[in-house]
2 protein chains.
Amino acid sequence: MAINTKIEADQNAPAITQILGAFVAQHPSGGWPAEVEHEAHRTFLNWLGCAVGAAHHEAAWAALRAVQVLEPAPQAAVLGRADRVDVANAALINGITSHTFDFDDTHLKTIIHPAGPVCSAVLALAELTGATGRQVIDAVVIGIDVSCRLGNMMYPHHYDRGWHITGSTGTLGAAAACARLLGLDTEKSIMALGIAASQPVGLREQFGTMTKPLHPGAAAKAGLMSALMAREGFTASRRAIEAPRGFAQVVSTKYDWSEVTGELGSRFEISFNAYKPFACGIVIHPSIDACVQLRAKGVTADNLERLDLRVHSLVLELTGKKEPADGLQGKFSVYHGCAVGLIEGRATEDEYADDVVTRGDVVATRRKVVATIDDSIDEAAVDAVATLKDGRQVHVFVEHAIGSLERPMSDADLEAKFSGMSDAILGADRTRRLLDACWTLGAAGSVRDIVALASAARP
Amino acid sequence: MAINTKIEADQNAPAITQILGAFVAQHPSGGWPAEVEHEAHRTFLNWLGCAVGAAHHEAAWAALRAVQVLEPAPQAAVLGRADRVDVANAALINGITSHTFDFDDTHLKTIIHPAGPVCSAVLALAELTGATGRQVIDAVVIGIDVSCRLGNMMYPHHYDRGWHITGSTGTLGAAAACARLLGLDTEKSIMALGIAASQPVGLREQFGTMTKPLHPGAAAKAGLMSALMAREGFTASRRAIEAPRGFAQVVSTKYDWSEVTGELGSRFEISFNAYKPFACGIVIHPSIDACVQLRAKGVTADNLERLDLRVHSLVLELTGKKEPADGLQGKFSVYHGCAVGLIEGRATEDEYADDVVTRGDVVATRRKVVATIDDSIDEAAVDAVATLKDGRQVHVFVEHAIGSLERPMSDADLEAKFSGMSDAILGADRTRRLLDACWTLGAAGSVRDIVALASAARP
């Protein structure tokens, strides 16, 4: 029962906390290539769409009702709603909604969903302070760099151990971003990171419950408060991240310091961020992508006789559910994913509604799918052959699914994804204006315009 | 650098989260012996005095200024001050102040300071809901039982690993206490514990900074919010504490489940709570106690020629500083502790002020102290011989210091400690009434009276 694992402390770590504090405070505004700048806009846009989309999910309602007990001041918007709460709780709730559909972004090297903690904290605080779009983009790039570098430092051991790495590194990312937004100096940025280091959030055991999306939300809130406290003179250890009894050595058994220090300020981890095209586990994405491509080639639910998939064994191990009974089970069914990919040409959260999973044409189509394990096929690939009722065959081979780093979603794809979530909540016209505002955020004089667009009209 | 420690998961843990949830929701009100009931009052009183005492410390000011950025609703008192903030942030700040002097309570089996997270969350929430004193005492006993049992389950490995166990178990204790206070049913109490399990707080690396007392404060706040969210239907894993990727197996390498389940509901960990008589590390307490006793036997700074101490080696290893230059260094000097014990008959936070540590008579007296290592003397003991200027010798042997479980502080001792911190802030008269209100808390119709007494008068 008790496992006594003696762990040797590393007494000679570099001054990670101070190095990151100096980076947060001193890196030049916009000090990165144009591609990084654009990726920051894509990350922000994708995050905002997810937050708006889940604004009325049960988890958002429950969190908001709990927050309302505090009678919060109306400082910052709950995105996609007319409600306003204090800046810390806006960070909390927007962090929750942005991750509720499991449809946000992924730093593929670490499986961190980096925007949730960072953007949720930054936008709420920026609304309060009236920050410019430039300041927001700077804070997002720097905050995500901090959280993902800490993730690289500890991955995979920290994740394997059971930490939900999005929340555990997210508090530090959010603190870094908010320290930057507040214009804290190096010393106070170090303190912000130090205060945040004591508040890692997130256990993998929570997957499948509302506490999973709580992780980025709670990380956003704790990081934001850490920066505010540091600004007021609250103190922490200057070695809080790397000391023998500091963050890294307490929450991980691997800590490769060079992942933090290497190319700091010249390589930006936001460059490696990817966006989910489908609202389900990444292992099904190649199969859905293949079906979307078959649809474009004229295959329909009506003319399809049988669909043969050759997939890696992991696909059936994780998502082999043949007869899903509801939306949640649908997320674990490659058969359902293929059916909606073929019928609707997409697999957004809408396609995982309970009544879609049980709809006659969807059920009939998924029963035509025959998946066969072939481990010569890579995890990231699929080979699909549709046999039509007239005997013709249509073949698609997907080497890398849409949404991978090799085949990233285009800006237009991201807009379509955004609209798919936002149109029903904000209306198509406002959604269109919001998209335009996202693409030009870095030049915006104040973020308050974008927040106003992203809030539902007051009744 | 990277240490790859493979840890075998325990797949067969008992249903700890559900067992604790049922205990929290269902254990009868006041369902414990009179001694437990009295200890709960002592724990509450001691906690309240510490929180009032540090109300104007720099850490309290910094935290309060950060919280004021949120424009909090005036729902609950910041103890010892006229300020009022929302209930979650009142829990935060009172948790910080109660631990700022390092003068609070200690569950000696685990080194947990249990009152900070639990009482800070409970009193703030109770003020908002208008709870009775009975409900508060019930919540305190149950919350402290949960946090200390989880501590027993993981101690010492969890602490050795680097977690500040007060904060890491404190979130769960505070959640349990608040779930009880809100009257959540078993299912929702399980959810409250589950939500809290994802939010452990506290690294030992922070010792010596303001983030150390942040730990019980942040734990109180997170636990309180977890209970509020659970009440509103927010969900978490029903096995959040014990699952392979749950709390215990993620934050500790030892987890003795029987420490949670054994005698649950009949043995109460609050019975093993102790209160610090001196505002410094526990290893100096026997020496200070000896000096207080010598003073009572007529030894004074004037008639003392030389004081010989025989102490365990740990005393000089941890607190061997001969010439402390300020209050903080004074906490690491057995010589200073002895000097103020002899001169003032006490060693409260006042005796660790910078100007006391450098005062002429104190410096002269500490230089008369000669400490010799003798490992036949237990850590908890000291042998002291005062040689007077007239040649007489006075001998005191302390086997267990005041404040230990063997020689607990009396109720009168606790009152004196409380007054020593509170008189200067609330005034002697109000302090006296507050003490009386503490002793009768379990019978109080509302906690709002005690809160009003513990708040500084409005200007």
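This text walks through a predicted model, from the relation between its two chains to single helices and sheets.

The relation between chain A and chain B comes first. A turn of 180° with a shift of 0.0 Å along the axis lays chain A on chain B, with an RMSD of 0.1 Å. The two copies are thus related as by a two-fold rotation axis. Within chain A, the C-alpha nearest that axis belongs to A:Pro72 and lies 3.2 Å from it. Both copies use the same surface, since 100% of the contact residues of chain A recur in chain B.

The contact itself can be described by what each chain brings to it. Chain A gives 63 residues and chain B gives 64 residues. On the side of chain A that touches chain B, at least two residues each are supplied by helix H3 (58-68), helix H4 (87-100), helix H7 (157-161), H9, H10 and H11 of chain A. H10(A) has the largest share of that side, with seven residues.

One of these helices, H9 of chain A, can be followed in more detail. H9(A) covers residues 186-197. Does its length fit the expected span, and what is that span? At 1.5 Å a residue, its 12 residues should span 16 Å, and the end C-alpha atoms are 16 Å apart, so the two values agree. H9(A) is also mostly covered, as 10 of its 12 residues are buried. The buried residues include A:Lys188 and A:Ser189, and also A:Leu193, A:Gly194 and A:Ile195. What do the buried residues of H9(A) pack against? In chain A they meet helix H1 (16-26), helix H8 (165-182), helix H10 (211-231) and helix H11 (247-251), and in chain B they meet helix H10 (211-231).

Another pair of helices in chain A shows a crossing. The axes of helix H2 (residues 34-53) and helix H5 (residues 115-129) of chain A come within 10 Å and cross at roughly 85°. An angle of 65 to 115 degrees counts as roughly perpendicular, and H2(A) is therefore roughly perpendicular to H5(A). On the H2(A) side the contact is made by A:Thr43, A:Phe44, A:Asn46 and A:Trp47. On the H5(A) side A:Ala115, A:Gly116 and A:Cys119 take part.

The sheets come next, beginning with chain A. Four strands of chain A form an open sheet in the order E6-E5-E7-E8, with mixed pairing. Strand E6 (369-373) and strand E8 (393-398) of chain A stand at the edges with a single partner strand each, so one side of each has no neighbour in the sheet. On average, neighbouring strands of this sheet are turned by 15° against each other, direction ignored. Strand E5 (residues 304-311) and strand E7 (residues 382-388) of chain A pair in the antiparallel sense over six bridges. A:Leu304 has A:Leu388 in E7(A) as its bridge partner. Helix H13 (residues 285-296) of chain A lies across E5, E7 and E8 of chain A and runs at about 140° to E8(A).

Chain B also holds an open sheet of four strands, ordered E6-E5-E7-E8 with mixed pairing. Here strand E5 (residues 304-311) of chain B pairs with E6(B) in the parallel sense over five bridges. Within that pairing, B:Leu309 stands opposite B:Ala371 in E6(B). Helix H13 (residues 285-296) of chain B packs on the sheet and touches E5, strand E7 (382-388) and E8 of chain B. The direction of H13 in chain B makes about 140° with that of E8(B).

Definitions and conventions:
Residues are numbered from 1 along each chain as its sequence is written. Chains are lettered from A and ligands numbered from 1 in the order in which they are written. This is a predicted model: local features need pLDDT of at least 70, side-chain atom pairs count only at pLDDT 80 or more; totals for chains, interfaces and linings use all residues. Copies are superposed by least squares on the C-alpha atoms of residues with pLDDT of at least 70 in both. Two residues are in contact if their C-beta atoms, placed from the backbone, lie within 7 Å. Two strands pair if DSSP finds at least two bridges between them. Axes are lines fitted to C-alpha atoms, for helices over the stretch in contact, and angles run from 0 to 180 degrees between N-to-C directions. The expected span of a helix is 1.5 Å times one less than its number of residues. A residue is buried if 20 or more other C-beta atoms lie within 10 Å of its own, exposed if 12 or fewer, and partly exposed in between; C-beta atoms are placed from the backbone. Angles under 35 degrees count as roughly parallel, over 145 as roughly antiparallel, 65 to 115 as roughly perpendicular and the rest as oblique.
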